[in-house]
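Reader: Can you walk me through this one? I'm new to reading structures, so keep it short.

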Amino acid sequence: MTLIVHHLQVSQSDRLVWLCEELGIDYTLKLHQRDPLFSPQSIKDLNKLGQAPVIQDGNLTLAESAACVEYIIHKHGNGRLALPPSHQNYADYLYWFHWSNGGLQPKISQLLALRSTGANPENHYMVRLNTQLDKFLTFLDERLGSNKWLAGDEFSAADCMTVFSLTTMRTFQPFDLSKYSNILSYLRRVSERDGYKRARAKGDPNLPLMIDGPAPRQFVDVLRAEGKL
Ligand SMILES: N[C@@H](CCC(=O)N[C@@H](CS)C(=O)NCC(=O)O)C(=O)O
């Protein structure tokens with residue numbers, strides 16, 4: 001029975017496609033398109049919360065990026081790309097593995113939600129959230145100034161968890177990365193990895209890489225231009 005990865009295009013399930021390509025495991029990739037902005041029925045049929053990613057493995061259906069990443073690594077990847085407790089950078093690995101979904105993503109999502117209400121950039125909460133986002137990105141930039149990968153010298157699943165928030169997520173909530181030079185160098189390193197290239201080609205062949213500073217073109221604008229919104 002092959003592992004099935006359900007990837008909602010232009011979404012955080014790109015983490016799983018990248019992980020599987022880095023691990024070089026046997027898996028079946030099923031692509032789902034947004035309808036037009038949110039999940040299509042095919043994802044809702046798999047996950048009552050209607051969110052991607054979702055994986056299937058025999059009788060198991062599992063959602064949540066971090067849970068899926070850990071499952072794939074330990075059930076199909078012989079533990080590769082996870083640093084073991086015996087590794088000197090184990091705590092760093094754990095911290096950065098959880099940092100994106102636990103810290104950065106909520107900040108970006110709060111900004112997205114507030115902007116959707118029509119709040120302007122001078123809005124008190126908007127200013128506060130943008131200041132907090134800058135704090136998070138400066139912190140990440142410092143980490144990457146002295147470490148090639150998030151957990152240290154070794155590329156790991158912590159990187160697979162985090163890059164989505166710095167790339168694809170910016171098509172939903174625009175933010176500029178120009179002043180974070182270490183983050184930009186890191187994203188360039190990521191984009192040069194064969195596993196990342198394969199994942200992009202298979203999962204989101206039409207999506208720009210989004211590794212440059214200025215905020216990428218917004219997904220809603222693409223939909224509007226195509227007459228889908
Ligand atoms: N905490 C969840 C969040 C999942 C999530 O928000 N997925 C988004 C994709 S970026 C989604 O499915 N959006 C479509 C929708 O909600 O209809 C995870 O890490 O998997």
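Author: Sure. Strand E3 covers residues 54-57 and strand E4 covers residues 60-63. They pair in the antiparallel sense, over four bridges. Keep in mind that this is a predicted model.

Reader: Ok. Which residue in E4 is the bridge partner of Val54?

Author: That is Ala63.

Reader: And how many residues sit between E3 and E4 in the hairpin?

Author: Two. Gly58 is in that turn, and its phi is positive, about 60°.

Reader: Which other strand is joined to E3?

Author: Strand E1, residues 3-8. Three bridges join E1 to E3, and the two run antiparallel. Ile4 stands opposite Gln56 of E3.

Reader: Back to phi for a second. What is the phi of Glu64?

Author: Positive, about 75°, and Glu64 is not a glycine. Most residues other than glycine have a negative phi.

Reader: Where is Glu64?

Author: In the loop between E4 and helix H3, which spans 65-76.

Reader: New topic: peptide bonds. Which residue does a cis peptide bond join to Pro36?

Author: Asp35. Omega there is about -20°. Pro36 lies in the loop between strand E2 (27-32) and helix H2 (41-44).

Reader: And what about Pro53, which residue is on the other side of its cis bond?

Author: Ala52. Omega for that bond is about 10°. Pro53 is in the loop between H2 and E3. For background, most peptide bonds are trans.

Reader: Now the ligand. Which residues come nearest to it?

Author: There are 14 residues around the ligand. Gln12, Ser39, Ala52, Ser65 and Asn101 come nearest. You have met Ala52 already, in the cis bond with Pro53.

Reader: What does Gln12 put by the ligand?

Author: A polar side-chain atom, 3.0 Å from an oxygen atom of the ligand. Ser65 also has a polar side-chain atom there, 2.8 Å from a ligand oxygen.

Reader: And Ser39: backbone or side chain?

Author: Backbone. An N or O atom of the Ser39 backbone lies 2.9 Å from an oxygen atom of the ligand.

Reader: How much of the ligand does the protein bury?

Author: Taken alone, the ligand exposes 520 Å². The protein buries 79% of that.

Reader: What kind of space does the ligand take?

Author: The largest pocket.

Reader: Last one. How many residues of each class are in the shell around the ligand?

Author: Four nonpolar, seven polar and three charged.

Conventions
Residues numbered from 1 in each chain as written. Predicted model: local features only at pLDDT ≥ 70, side-chain atom pairs only at ≥ 80, totals over all residues. Heavy atoms only, no water. Near = heavy atom within 4 Å. Polar contact = N/O pair within 3.5 Å; in protein donor to acceptor, adjacent residues only side chain to side chain. Areas by Shrake-Rupley, 256 points an atom, 1.4 Å probe, with all protein chains shown as cover. 1 Å grid on protein atoms, 1.4 Å probe; cavity = no way out; pocket = protein on both sides within 12 Å on 5 of 7 lines; lining within 4 Å. Sits in = over half its atoms within 2 Å of the grid points. Nonpolar A, V, L, I, M, F, W, Y, C, P; charged D, E, K, R; others polar. Pairing = 2+ DSSP bridges.
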